[in-house]
Structure formats: C-alpha cells, structure tokens
Amino acid sequence: MNQKNLEFLKDQLKYTGFGETFDQDLKEKMLKGETEFKIIKEGVYGKDSMTAELNFKKSDQSDLYFFNSYHVNLKKEESKEGLEQTFYINSNSSNITLKEAYNLMEGRSVNKDLKTKEGEVYNSWIKIDFKESESNSNFKINHYHQNYGYDLEACLAKHSIKELETPKYKEDLLNSLKKGNLQSVTFVVNGVESKQYIEANPQFKTVNVYDGNLQRINHRESKDEKQKETQGKSTSKDFSQRKESVSDEPAEVEKKRSQRKGKAKSL
C-alpha cells in the first residue's frame, strides 16, 4: 500500500466534508488491493436523510487509488423516493463538499471558484435544475458566472438585517450564504426585531426570505417597509408644511383687509 496515497486520500475526504471517520476503512480497503471499492456514509439533516456512496478506483498503471466521485440519495420526510445526483472529484477544480451537495439537493445555490479546462480560475454560482437531466442521468447544473451580475452584498443591503451592522457577522453571513446555507438572521422593521431565514437566489438576483416557520416571504417586503416608513415621514412633513400654510392664511387675509380699510379712510 502506498502510504502517501493513503494520506492524500484522507485529506481529500476531510476537505470534501467527510471528516476523518473513514480513515481506518480506507486503509483496510486499500490493503486488500481491490481494483475499486465503495465507502457508504449516512447522515441526517433535520428531518431529511441523505446517503453518500463514495467511489474509489485503483490506477491501471500504478498502486495509486483515486477518489473519483460520490453519489448521494436525499430522502425528504414526506417523500418515499429520494433525489439522486453524482458529484465528481477532480484535481483542477474546487470540489463540492458534502454539506454543499445537500444544499444543492435542497434546491439552493452555491458559490464556487472553478477552473476551465485551460486552468483559468473563474467564480460562479451553481444550482441544480431538477427539470432537466443530462446523458449521465445527473440533473443539469446551471451556472451563473461572475459576469451574470449577481451582487449578494448589494441584495442584502436592501433589507434591514441587524447582522450587517457588524463587520464580522456580515462576513460570516456572506460566507454562509455562499455555501448554500439557509441562514438565520435578525430583521429590524420599525424598531421591532424578528428572526427570519434567508438564502441566496442568484438566478433572479435577489435573496429569498422566510419567516420563523420557513414560509416564503415576498423578498421586497423589507424594502417596501422602508419605503412606507420614508413615505410616512414625507407625508407627515408635507402635512406640517400645509398646516403652516393654512394657519398663515388668515393673518395674510387680515393684513390685506387692514390695508384696504386704510386706503378707504384716506379717501
């Protein structure tokens, strides 16, 4: 068994989100010298269960093993059949971690630094299109490249989110959303705080907002609240100005009357 190869694969599993749980299993399977083998990981995310089948294959030219892909099966609590997708591992790109795979299977978007075949690095949001399949039986993955024009930070700024006021919390929030997480935040509307949830939506260049029961809220709601508040202040100001104008009117009328009376007396 190639020890360096073992250490490399252990690190690869760790940084792809599988931890160090399978280090011993990996070693034992490599010692057997089989052409290819699988390792199964089962996990629970809230009320969802997801099984990942990790695929390893030995090189035809050497004793090196490669972690080629992992196949996931996500089962929702209310569904008997699971959603399936294979995520491929390669050396010239940023691999999808297990948690990112779950978020993608949940229908959310993930931000990654990817590489072209020529090795050029580019940034892109990715999202699974469950309505379209590819020739390898995978669902199609849509890409929203850096030139697509999605500005996550600018979208967040449209909402009254308390965490944005603190640089460290803001940075953590952005990083979490880029990983595809559904993130809890504190909304502040008219001085009242409430816990809600948000997720990135690069396709429509916005963020999705959910209430405490994970029911979707119109993404413009917070912005509209700001506009209403601003309009309210503006209306109040206009009303005050009109009130001053009305209150000044009798005095002006009385002044003109006095002037007319003065002219009449002089005549």
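Helix α1 (residues 3-18) spans only 20 Å between its end C-alpha atoms, whereas a straight helix of 16 residues would span 22 Å at 1.5 Å a residue. The expected span is 1.5 Å times one less than the number of residues; helices are DSSP runs of H or I with at least four residues, strands runs of E with at least two, numbered from the N terminus. The model is predicted: local features need pLDDT of at least 70 and side-chain atom pairs pLDDT 80 or more, while totals for chains, interfaces and linings use all residues. Numbering starts from 1 along each chain as its sequence is written, and side-chain values use heavy atoms, without hydrogens and water.

Buried residues of α1 (under 20% relative accessible area, 1.4 Å probe, protein chains only) are Asn5, Leu6, Leu9, Gln12, Leu13, Thr16 and Phe18. They cover an arc of only 125 degrees around the axis, which puts them on the same side of α1; the arc is taken from the directions from the helix axis to the C-beta atoms. Lys4 and Tyr15, on the other side, are exposed (over 50%).

The buried residues of α1 pack against these elements, with contact meaning heavy atoms within 4.5 Å:

| Element | Residues |
|---|---|
| α2 | 23-32 |
| β1 | 36-45 |
| β2 | 48-58 |
| β3 | 65-75 |
| α3 | 98-105 |

Leu26 touches Leu6, Leu9, Lys10, Leu13, Phe37, Ile39 and Phe56, leaving aside residues up to four places away in sequence.

Just after α1, Gly19 has a positive phi of about 65 degrees.
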